[in-house]
Amino acid sequence: MALDRTSVPNDLSAFWMPFTANRQFKQEPRMLVSAKDMRYRTADGREVLDGTAGLWCCNAGHARPKIVQAIQEQVGVLDYAPAFQMGHPLAFELANRVRDLAPEPFEHVFFANSGSEAVDTALKIALAYHRAKGHGERTRLIGRERGYHGVGFGGISVGGIVNNRKVFGSMLTGVDHLPHTHLAENAFTRGQPEHGANLADELERIVALHGPETVAAVIVEPMAGSTGVLLPPKGYLERLREITAKHGILLIFDEVITGFGRLGSAFAAEHFGVMPDMITCAKGLTNGVIPMGAVLATADIHDAFMTGLEHMIELFHGYTYSGNPVASAAGIATLETYKEEGLFERAAELAPYWEDAIHSLKGLPHVIDIRNMGLIGAIELEPIAGQPTKRAFQAFLDAYEKGCMIRTTGDIIALSPPLIIEKSHIDELFGTLSDVLKALD
Ligand code: PXG
């Protein structure tokens, strides 16, 4: 019997859904059955405008021909090849293309299958790098409050989203956190906020507390996405770079969201003009179609491992699916689509229109802050007293009913549309959101 891809099974109980209110969902399921370009189609036959590029990942939009074709062809030629002690051409080809796209110091690419795995990989490389250089005492890792680095134990340890951490035990030891950069005085700033660069100086205090020679790496999102779009204050990233460099500490930018055009350039490192030592990425690497993540490393980091006997494995780390052939094919076709359609430039060009559109919601009921950069935006709502998250969740449900998919985290609405978005879609999205906000309790 052919698999029915569009009608909803009667029994929804087996699938334990990730990051979802399972009981609420299963009472009133929101099922997406197909997608094309900017729109999803729902099981009840409605079209929904994608205001979030799936989960910040479908940067080229949905069902793009080149990507679909590349996957279909590759799966019939080489479906899987062992990833350890064996290779296949496309993984090398994709790594070359990612290197060519990345800012100059990044010469090597380690493949994982998600952002979480990319983060764990980068943290492990940082520790092993110091050890390879004879500094095995550098074991501490520093993240930031409100940071999101996926859900592996490494990622939640350096992460700073309380609900993602608090019920999961003691996590990694030897981890400390910078303060987050969300300051009320920056409310309604367009682009990078003026205030808060000094928060980077907290790194000096944390480093002094532990002794600089014990710190391996600092990991931050150059723009914190998942927590509700917190932009780096002007001068902040520069200061982090200065302090880490001064103390021989590696700086990792987690670009799982900002990578591949979100801010109008390939990577946020380039956009902000601050170069870390490693970059983690995922999502837009394959347009979200086949899971894949990666760590970009400088020659200095990579070469530190290339010592010892040549028949010996240099880094005891990797995944069954590192550089999977079908994912690699999807990655290559995705990067070609970005380039052929000039999508990163398009994001930069549309950013001012996007900025004006999102800031036009200022003054609507419950709106206490609006933030934006590139094709990213957030609208922060005043929480209902005693019922945090409820107001934004209601906005999410109402927007879905009215034909727009948005994301909410806490009482913040986050938006990150595919980079193929047209001005008419931007008008539609913010028109709908405006109606939703006006009708909210
Ligand atoms: N780092 C960052 C900066 C991320 O944003 C991850 C790591 C983990 O990636 P994986 O592929 O393991 O999920 C992420 C993921 C949201 C949302 O709505 C954000 C993410 C994932 C799902 C939802 O904000 N970010």
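Helix H5 (115-132) gives the most to the shell around the ligand, contributing three residues. In this predicted model, that shell counts 19 residues, and the closest to the ligand are Gly115, Ser116, Gly150, Ser226 and Val256. H5 shares the job with helix H2 (53-56) and strand S14 (407-409), since each of these three elements supplies at least two residues of the shell. If you sort the shell by class, you will find eight nonpolar, eight polar and three charged residues.

Where does the shell around the ligand draw its residues from, in terms of domains? At least three come from each of domain 1 (22-60 + 342-439) and domain 2 (68-340). Let us follow that lead and look at how the two domains are arranged. The domain assignment builds domain 1 from two segments, 22-60 and 342-439, and gives domain 2 as 68-340. Their C-alpha centres lie 26 Å apart. Across the boundary, 32 residues of domain 1 are in contact with 27 residues of domain 2.

Which elements make up the side of domain 1 that touches domain 2? H2, helix H13 (343-359), strand S11 (367-373), strand S12 (376-381) and strand S15 (412-415) each supply at least two residues. H13 gives the most to this side, with seven residues. By class, the residues on this side of domain 1 divide into 18 nonpolar, nine polar and five charged. H2 is worth a second look here, as this helix supplies at least two residues to the ligand shell and at least two to the side of domain 1 that touches domain 2.

Several of these strands belong to one sheet, so to speak of them together is helpful. Four strands form an open, antiparallel sheet in the order S11-S12-S15-S14. S11 and S14 are the edge strands, each pairing on one side only. Direction ignored, neighbouring strands of the sheet are turned by 20° against each other on average. The edge strand S14 thus brings us back to the ligand, as S14 is one of the elements that supply at least two residues of its shell.

At the other edge, S11 and S12 pair in the antiparallel sense over six bridges. Along this pair, aspartate 369 stands opposite glutamate 380 in S12. The two strands form a hairpin with two residues between them, and there glycine 374 takes a positive phi near 50°. H13 lies across S11 and S12, running at about 175° to S11.

That positive phi makes a good bridge to the backbone elsewhere. Most residues other than glycine have a negative phi. Which residues depart from this pattern here? One of them is phenylalanine 260, with a positive phi of about 65° although it is not a glycine. Phenylalanine 260 is found in the loop between strand S8 (250-254) and helix H10 (268-272). Is phenylalanine 260 buried or exposed? Phenylalanine 260 is buried, because 30 other C-beta atoms lie within 10 Å, and the cut-off for buried is 20 or more.

Threonine 389 is another residue other than glycine with a positive phi, near 80°. Threonine 389 is found in the loop between S12 and helix H14 (390-401). With 17 other C-beta atoms within 10 Å, threonine 389 counts as partly exposed, because that number falls between the cut-offs of 12 or fewer for exposed and 20 or more for buried.

Conventions: Residues are numbered from 1 along each chain as its sequence is written. This is a predicted model: local features need pLDDT of at least 70, side-chain atom pairs count only at pLDDT 80 or more; totals for chains, interfaces and linings use all residues. A residue is near a molecule or strand if its C-beta atom, placed from the backbone, lies within 6 Å of it. Ala, Val, Leu, Ile, Met, Phe, Trp, Tyr, Cys and Pro count as nonpolar, Asp, Glu, Lys and Arg as charged, and the others, Gly among them, as polar. Domain bounds come from an automatic or database domain assignment. Two residues are in contact if their C-beta atoms, placed from the backbone, lie within 7 Å. Two strands pair if DSSP finds at least two bridges between them. Axes are lines fitted to C-alpha atoms, for helices over the stretch in contact, and angles run from 0 to 180 degrees between N-to-C directions.
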